[in-house]
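Welcome! Take a moment to turn the model around on your screen, and then let us walk through it together.

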Amino acid sequence: MMAASTFVSEDLHCPQCSDIYCLPVLLACGHNVCNHCLRKFWEWKGYRPCPVCGVESASAKPPINLQLKIAADQYQAQNVYIKQVCLLHNETLKVFCNNDEELICVICQISKQHKVHQCCPVEEAAQQKKTEISAILDSLRKTLRTLNQKKQQMEETKAYIQTQSAQIEEAIKEEFRILHQFLWEEETNKLKVLKQEEETKVQVMLKKIEDAEKQIQTLSSNIRETETALKVRDLPFLQGYKQTKKRVKCNIQEPEFIRDILINSAKHLGILKFRIWKKMANTVKYAPIILDPNTAQPNLKLCQDLTSLHYSHKRLLPDNPERCTNRVCVLGATGFTTGFHSWTVELGQAKDWHIGVVRESIKRKSTIFLNPDEGFWVIGLCNGDSLWAESSPRATLTVKQKPERITVKLDLNKGKVIFINTANSTVIHTFKDKFTERIFPYFSLGLNEDWKNSSPLTICPLTISVNTE
């Protein structure tokens with residue numbers, strides 16, 4: 001607590017009435033207010049908030065700030081004469097000049113300076129100005145409440161960004177884990193095939209080597225025995241001549257070199273990356289439209305790859321400007337300003353849905369009609385049986401069979417949005433209009449109390465092919 005002598009004049013004014021404190025009380029939040037002002041403020045509010053910060057007081061009788069009271073009383077005593085007497089005429093200040101917004105005496109009022117000014121008694125001016133300041137103060141309090149609410153929203157958004165980042169990081173790691181697993185399995189399989197070829201061809205060579213060794217042993221034995229026979233005398237030599245001749249004429253075939261016995265390097269290494277990439281294409285999905293989760297209404301849940309949506313329980317999400325809250329809908333992540341674009345939607349068993357395109361500037365928070373005047377070019381199913389074009393006026397669409405897949409074709413250059421039954425390629429409906437701003441794909445589901453069994457809308461993937469030229 002500050003000592004009485006350490007208070008400056010600015011510290012001695014009540015934040016509620018702006019006058020010098022009269023019996024100041026100290027609130028738990030640390031702010032001081034005149035006891036009388038606080039009672040009136042609490043009576044007006046109906047509960048016990050601090051007039052400065054809004055923190056509610058637990059005590060109905062906050063303690064008097066004795067040091068502040070002493071300092072205020074001393075200041076009042078020192079300045080009473082200055083405040084009540086005109087410095088020019090030494091007369092009591094009884095009049096308030098509205099033009100100059102200052103206290104004057106009766107002589108000042110009839111002087112040349114204030115003669116044509118609007119003046120009134122001090123009591124009347126004080127009441128008027130207090131009412132004026134109170135109105136401004138109410139506006140400031142309202143602004144303060146709004147700022148506190150905005151700050152709270154910002155804190156929630158900051159926390160959501162951190163959570164969102166962690167979730168995306170985990171999803172990225174999972175996607176790469178799948179890719180790593182695929183590559184690891186391919187590497188393992190390739191090495192296994194290489195090892196099998198190595199073992200097979202090594203076994204062939206071992207058999208050839210074994211046969212060669214037997215031939216070497218046989219030939220070496222024949223040479224040794226023949227050399228011995230050549231060293232004996234003539235008669236014994238001739239006696240064994242036939243056997244010796246037969247021995248040296250033994251049919252020893254030289255081993256043949258085997259074609260393709262070496263490891264087929266071209267098979268294992270040739271365009272290895274391309275072949276793995278082509279095989280990987282069979283495991284990868286590509287959708288022409290990706291959903292933007294930052295635009296999704298809180299009851300919509302998107303799959304991890306952002307290509308399907310279904311109705312779910314309401315989640316706590318930031319009410320950022322991009323988010324749609326007026327309908328259970330979500331926009332595509334990419335907008336278009338020119339060219340031709342097409343995508344197909346799997347409708348599943350959903351009983352209420354709308355699909356099509358919208359302009360970027362649609363109202364996302366307030367209730368609006370789904371029609372081209374409001375920036376919507378969509379068709380939809382209602383109650384599982386009636387198909388509608390949300391035109392002006394709304395029109396029923398007649399189809400022989402309820403479509404299971406619908407292809408949306410957007411031709412911005414020709415100003416057309418065409419809806420086609422994918423099963424038989426028949427046109428369901430066509431919008432013609434002039435698009436003057438960026439256009440986004442639009443997907444919406446109706447309310448569903450049984451959200452655990454809700455049917456999704458899915459953007460169908462395109463067929464991926466790896467070709468060479």
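Helices and strands here are DSSP runs, with at least four residues for a helix and at least two for a strand, numbered from the N terminus. Counted that way, the protein chain has eight helices and 18 strands. Please keep in mind that this is a predicted model.

**Overall form**

The radius of gyration of the protein chain is 47 Å, well over the 23 Å that the globule rule gives for 469 residues, so the chain is more spread out than a compact globule. Along the principal axes, its C-alpha atoms fill a box of roughly 175 × 70 × 45 Å. How much of the protein chain counts as buried? Of its 469 residues, 31% do. The chain exposes about 31700 Å², and carbon and sulfur atoms supply 55% of that area.

Contacts tell another part of the story. Among those between residues at least 6 apart in sequence, 58% join residues at least 24 apart. As for charge, the protein chain carries 63 positive and 53 negative side chains, and the centres of the two sets lie 6 Å apart.

**The annotated span and Tyr-47**

An unreviewed UniProt entry gives residues 14-53 the annotation "domain: RING-type". This span is 28% helix and 15% strand, and its end C-alpha atoms lie 14 Å apart.

Where does Tyr-47 lie? You will find Tyr-47 in the loop between α1 (35-45) and α2 (66-84). Leaving aside residues up to four places away in sequence, Tyr-47 touches Trp-42 and Glu-56. Ala-60 is 13 residues from Tyr-47 along the chain, and their C-alpha atoms are separated by 9.7 Å. Is Tyr-47 buried, partly exposed or exposed? Its relative accessibility is 39%, so Tyr-47 counts as partly exposed, because that class runs between the 20% and 50% cut-offs.

**Backbone details**

Two residues other than glycine have a positive phi, as the table shows.

| Residue | Phi | Place | Relative accessibility |
|---|---|---|---|
| Ser-18 | near 70° | segment before β1 (24-26) | 42%, partly exposed |
| Asn-90 | near 60° | loop between α2 and β3 (95-97) | 52%, exposed |

Asn-90 counts as exposed because its relative accessibility is 52%, and the exposed class begins over 50%. Ser-18, at 42%, counts as partly exposed.

One more backbone feature is worth a look. Which peptide bond is cis, with omega near 0°? The bond from Ser-392 to Pro-393 is. Pro-393 lies in the loop between β12 (386-389) and β13 (395-397).

Conventions:
Residues numbered from 1 in each chain as written. Predicted model: local features only at pLDDT ≥ 70, side-chain atom pairs only at ≥ 80, totals over all residues. Heavy atoms only, no water. Rg over C-alpha atoms; globule rule 2.2 N^0.38 Å. Buried < 20%, exposed > 50% of the residue type's maximum accessible area, 1.4 Å probe, protein only. Contact = heavy atoms within 4.5 Å. Areas by Shrake-Rupley, 256 points an atom, 1.4 Å probe, with all protein chains shown as cover. Lys, Arg positive; Asp, Glu negative; His and termini not counted. Charge placed at Lys NZ, Arg CZ, Asp CG, Glu CD. UniProt positions renumbered as here; feature names shortened; annotations may be inferred.
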